[in-house]
Amino acid sequence: MRIELTAQQKDAQSEFRAFVNEEIVPHANCYEKEERTPSKLIEQLAHKGYLSAVLPKEFGGKGMDMITFGLLNEEIGRGCSSLRSLLTVHSMVAHALCKWGNKSQKEYWLPKLASGEVIAAFALSEPNVGSDAKSIETTAILSGDSYILNGHKKWITYGQIADVFLVFAQCAGKPSAFLVEKNNPGLSIKPISGMLGVRASMLAQLNFQDCRIPQENLVGRLGFGFSYIASSALDYGRYSVAWGSVGIAQACLEASIQYTGERKQFGVYLKEHQLIRQMITQMIANVKAARLLCYQAGYLKEIGDPNSIIETSIAKYFASTTATKVANDAVQIHGANGCSSEYSVARYLRDAKIMEIIEGSTQIQQITIADYGYQEYRTQQSASAGNYQNLLART
Ligand SMILES: Cc1cc2nc3c(=O)[nH]c(=O)nc-3n(C[C@H](O)[C@H](O)[C@H](O)COP(=O)(O)OP(=O)(O)OC[C@H]3O[C@@H](n4cnc5c(N)ncnc54)[C@H](O)[C@@H]3O)c2cc1C
């Protein structure tokens with residue numbers, strides 16, 4: 001077994017690193033403070049083809065393999081989790097349309113999403129509904145050749161600037177997905193500010209009041225909204241967040257290594273204190289373990305193995321909880337400086353906590369992973385009992 005990037009993947013990684021170091025790292029604290037992502041940066045991202053990373057070349061996309069897409073998310077996440085969130089939600093909608101959209105939806109929307117002419121956001125959560133997404137309260141009613149949407153969506157990443165939303169609503173009790181454009185008169189958009197982390201991700205609440213959309217804006221079939229469209233998009237999102245969490249943890253590690261080589265206490269550099277070295281050791285091991293889980297999930301996605309879904313949950317769970325632990329230690333290592341806005345580690349800690357809540361919280365991943373574990377155990381037990389029976393039958 002070899003775990004090694006191809007020459008092409010290594011080149012792509014170097015390109016991503018250089019872009020992030022030059023264009024993002026020096027300004028990310030400022031984006032956070034201003035709670036906005038400059039449109040010029042989004043244009044740069046689009047120009048580089050990063051917004052179209054997952055889309056096939058026939059629609060103007062980069063057609064990146066899943067490992068390269070993961071590396072992109074790690075690097076952007078290392079620089080700025082808010083910007084990585086844009087990559088996540090935009091890619092989730094692009095992926096959903098690519099997989100479930102009809103021919104004309106794909107031909108109309110995908111090239112626009114690929115070029116960044118159109119920014120997309122993913123609107124599932126509501127004021128009363130988060131983890132229990134099947135219980136969404138937003139409704140869609142068919143009226144003539146239109147659907148009429150009523151309800152509210154909350155915490156919508158880049159909702160302040162998105163041009164189109166993939167909105168989930170109940171249509172006669174069937175959860176379904178619809179495309180709604182921002183300039184629809186039945187849609188009003190209210191910015192949300194003052195979040196704990198990913199502060200530059202321009203969240204919004206969406207209010208639909210008798211919001212009429214053409215019938216052809218239904219994505220997939222009625223009733224496909226949750227089990228197919230949201231589920232596959234969330235799997236993609238989870239993969240992106242898992243890698244983004246590795247990026248946060250890597251940034252914390254790098255900042256801590258640098259800081260402990262610069263600051264002296266008790267006459268020696270911090271890096272000479274064994275308790276500091278213990279924290280650094282744990283950081284290194286956890287970051288590497290998280291990255292390996294992401295590689296595993298990416299590899300399974302690349303070969304179309306259905307186990308990629310559970311492996312992605314495991315990677316997201318481990319990487320996001322690791323990011324929080326590592327960021328917590330990074331702040332500890334930086335002392336008072338770590339609590340100030342002069343250094344980036346406080347931002348990393350705030351952003352890491354968000355990674356534990358989005359795309360299926362830590363507890364939801366724990367429930368899913370434990371269920372999987374028990375199921376695997378039962379399968380193995382019955383398989384070995386079967387083997388034993390076969391053995392008996394043979395003797
Ligand atoms: C910064 C940010 C950006 C976001 N962006 C988007 C977006 O773009 N689009 C979108 O649709 N949503 C978005 N969300 C919403 C996000 O998806 C939800 O926050 C998430 O699904 C959790 O839902 P909730 O916050 O309502 O928590 P709840 O579901 O109310 O859960 C509260 C707590 O209870 C725990 N819990 C829930 N159920 C169980 C259970 N069965 N057993 C044990 N514990 C449980 C949870 O883990 C959590 O700790 C965003 C959220 C944030 C913070």
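**Reading the ligand shell and its strands**

Q: Which of the 20 residues around the ligand come nearest?
A: Ser-125, Gly-130, Ser-131, Ser-361 and Gln-363 come nearest, out of 20 around the ligand. A residue is near a molecule if its C-beta atom, placed from the backbone, lies within 6 Å of it. The elements giving two or more residues to this shell are β1 (120-123), β3 (146-156) and α11 (362-394), and α11 has the largest share, three residues. Helices (H or I, at least four residues) and strands (E, at least two) are DSSP runs, numbered from the N terminus.

Q: What should I know about the model and its numbering?
A: This is a predicted model: local features need pLDDT of at least 70, side-chain atom pairs count only at pLDDT 80 or more, and totals for chains, interfaces and linings use all residues. Residues are numbered from 1 along each chain as its sequence is written.

Q: Which strands pair with β7?
A: Two strands pair if DSSP finds at least two bridges between them. Here β3 and β7 (residues 204-214) are antiparallel over eight bridges, with Tyr-147 opposite Ile-213 in β7. Strand β6 (residues 187-191) also runs antiparallel to β7, joined by five bridges, and Lys-190 sits opposite Gln-205.

Q: Is Tyr-158 buried or exposed?
A: Buried means 20 or more other C-beta atoms within 10 Å of a residue's own, exposed 12 or fewer, and partly exposed in between, with C-beta atoms placed from the backbone. Tyr-158 counts as buried because it has 24 C-beta neighbours inside 10 Å. Its place is the loop between β3 and β4 (164-171), and its phi is near 60°, positive in a residue other than glycine.
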